[in-house]
Amino acid sequence: MSVYKKKIIVAGGGASGMCAAICAARSGAEVTLLEKNNVLGKKLSMTGNGRCNLTNLKIDGSYYNAAAKSRIGSWLNEFGALDTIEFFRSLGVITMSEYGYVYPVSEQAAGVVSALSNELSRLGVTIVYNSQLKSIERTGESVGYTVKTSEGVYESDKVIIATGSLSGAKTTMSTGDGYYICKKLGMSVKDTFPALVGFKTTDEDIMPAAGVRSKAAISFYLGEELLTSEKGEVQLLTDGISGIPVMQASRGIIKLVSENKPVYALLDLYPDYDEESFDRLINEMIKLRDSRSISELLSGFGNSYINEMVLKRMKLSPTMKAVNISESMLRCIFENYRKLKFNIKECNGYAASQVTTGGISVGDINDDFSYKNNPGIYVVGELLDVDGRCGGYNLQFAWTSGYIAGNAASH
Ligand SMILES: Cc1cc2nc3c(=O)[nH]c(=O)nc-3n(C[C@H](O)[C@H](O)[C@H](O)COP(=O)(O)OP(=O)(O)OC[C@H]3O[C@@H](n4cnc5c(N)ncnc54)[C@H](O)[C@@H]3O)c2cc1C
């Protein structure tokens, strides 16, 4: 007697969709994976600067947005960082960890995509490229679904929507189709904003085209109110600021920026100095004041482009002799390196962002990622209102939700 195999459609062949398709097929379902692009995992192949930061060993709800925080713990209990490492090992992808950040030893994201694709083929998953999910409807009185796409119509028992967010370069096909499709199905969609993104500033400071990278602490304020602070390598660009600490902070300030609130950042280029030791340092520097130019005096104190910017902001000529500058003015120049101000104009937009904050409300989703009002439909990955910090947390959520939904849908 032949056993009936559940027919499952997975829409979206990115991180969460490929994981869901593999898990459903491993559990015995007949799986069809629909991908709008002409390749699988386009965004995945760009992650971690091409190295693919798969997950992070230091992980819990505090690394995610407020809406997801209370749910993420139990999801990670079911499929967490160690399960991810084990899952990739089963595909022949061996991982290593750098301070908890987990990468494939090959340090090639393309290898991760290739391993997932090979497993899909090995399991007999049907992959349809250039297939854009358009709508999902209940098939008559039965329990199945009619799935309409740009290239045809499919019948299935269950549907997993894994079409991703609005973030990423154009080639990743991150057009946010899923928000519209899920809304039509009755799900509530939280307002979306780009997150893990840099900002344009109103200050016109001259930086080289490639920008300047500097270890710093950066704090964002609205008036006197400190919004958030981060530490790390900040990138100063011709028209804005970026780098990991800025991207990490972006999740907390993006809404205020989009409402045109006057948010500004203060950059501290001497973050490891307390007030007393920095004061001592300034006194030492002031003692060096002689006939050399102020630009020469600053040459060992800060990056030359930053020095130029500080002097320009203070309307001082770089050729001015240090000896002709008063002690209090010199003190003022050095103090700039602790509170370099940047007025935030806008964020760099979805195409430059790594994730989208907002999306399908987790309140509409059961623990197995099925839709509460229509449990044959599942929503996974970044399409949901779940976003994490930089460091492997977003891919971990893609694996976690893909694994749980893929298994649940096949039973
Ligand atoms: C440059 C960059 C670097 C990043 N680096 C990291 C990192 O190192 N670590 C980390 O944790 N996170 C990283 N992220 C975030 C991470 O890539 C995403 O969170 C993750 O890929 C989300 O997985 P997903 O499956 O939800 O969406 P995606 O991976 O975007 O997959 C969605 C898929 O659905 C397809 N699709 C869209 N619409 C339709 C439709 N209508 N029909 C059919 N298919 C459709 C798309 O073509 C795509 O293949 C990075 C993101 C970017 C942009």
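## Legends to the close-up views

**View 1. Ile 8 and Val 31 of strand β2 stand opposite each other.** The model shown here, as in every view that follows, is a predicted one. Strand β1, which covers residues 7-11, pairs with strand β2, which covers residues 30-34, and the two run in the parallel sense, with 5 bridges between them. These two strands belong to an open sheet of 6 strands, in which the order is β6-β2-β1-β10-β20-β19 and the pairing is mixed. The edges of this sheet are formed by β6 (126-128) and β19 (370-371), each of which pairs on one side only.

**View 2. The chain is divided into two parts, domain 1 and domain 2.** Domain 1 takes in residues 7-193 together with 355-409, while domain 2 takes in residues 198-348. When the centres of the two domains are taken over C-alpha atoms, they are separated by 40 Å. Where the domains meet, domain 1 contributes 9 residues to the contact and domain 2 contributes 8 residues. For orientation, the C-alpha trace of the chain spans about 95 × 40 × 35 Å along its principal axes, and the chain contains 11 helices and 20 strands.

**View 3. Strand β17 pairs with strand β12 and also with strand β16.** Strand β17 (residues 340-347) runs antiparallel to strand β12 (residues 199-201), and 3 bridges join the two. Within this pairing, Phe 199 stands opposite Cys 347 of β17. Strand β16 (residues 263-268) likewise runs antiparallel to β17, to which it is joined by 4 bridges. In that pairing, the reader can find Leu 266, whose bridge partner in β17 is Lys 341.

**View 4. Arg 71 sits in helix α2, which is made up of residues 66-78.** Its relative accessible area is 17%, and because this value falls under the 20% cut-off, Arg 71 counts as buried. Leaving aside residues up to four places away in sequence, Arg 71 touches Val 362, Gly 363, Ile 365, Asn 366 and Asp 367. Taking the chain as a whole, 54% of its 411 residues are buried. Of the contacts in the chain between residues at least 6 apart in sequence, 74% join residues at least 24 apart.

**View 5. Tyr 99 has a positive phi, near 50°, although it is not a glycine.** Most residues other than glycine have a negative phi. Tyr 99 lies in the loop that connects β4 (95-98) and β5 (101-104). Its relative accessibility is 83%, and because this is over the 50% cut-off, Tyr 99 counts as exposed.

**View 6. Phe 369 also has a positive phi, in this case near 75°, and is likewise a residue other than glycine.** Phe 369 is found in the loop between β18 (355-360) and β19, and β19 is one of the edge strands of the open sheet in View 1. Is Phe 369 buried or exposed? Its relative accessible area is 0%, which is under 20%, and therefore Phe 369 is buried.

**View 7. The surface and the charges are considered here for the chain as a whole.** The accessible surface comes to about 18500 Å², and 50% of that area belongs to carbon and sulfur atoms. The chain carries 43 positive and 44 negative charges, and the mean positions of these two sets are 2 Å apart.

Key:
Residues are numbered from 1 along each chain as its sequence is written. This is a predicted model: local features need pLDDT of at least 70, side-chain atom pairs count only at pLDDT 80 or more; totals for chains, interfaces and linings use all residues. Side-chain values use heavy atoms; hydrogens and water are left out. Buried means under 20% relative accessible area, exposed over 50%, partly exposed in between (1.4 Å probe, protein chains only). Contact means heavy atoms within 4.5 Å. Accessible areas come from the Shrake-Rupley method with a 1.4 Å probe; for residues, only the protein chains shown count as cover. Lys and Arg count as positive and Asp and Glu as negative; His and the chain ends are not counted. The place of a charge is taken as NZ of Lys, CZ of Arg, CG of Asp or CD of Glu. Two strands pair if DSSP finds at least two bridges between them. Domain bounds come from an automatic or database domain assignment.
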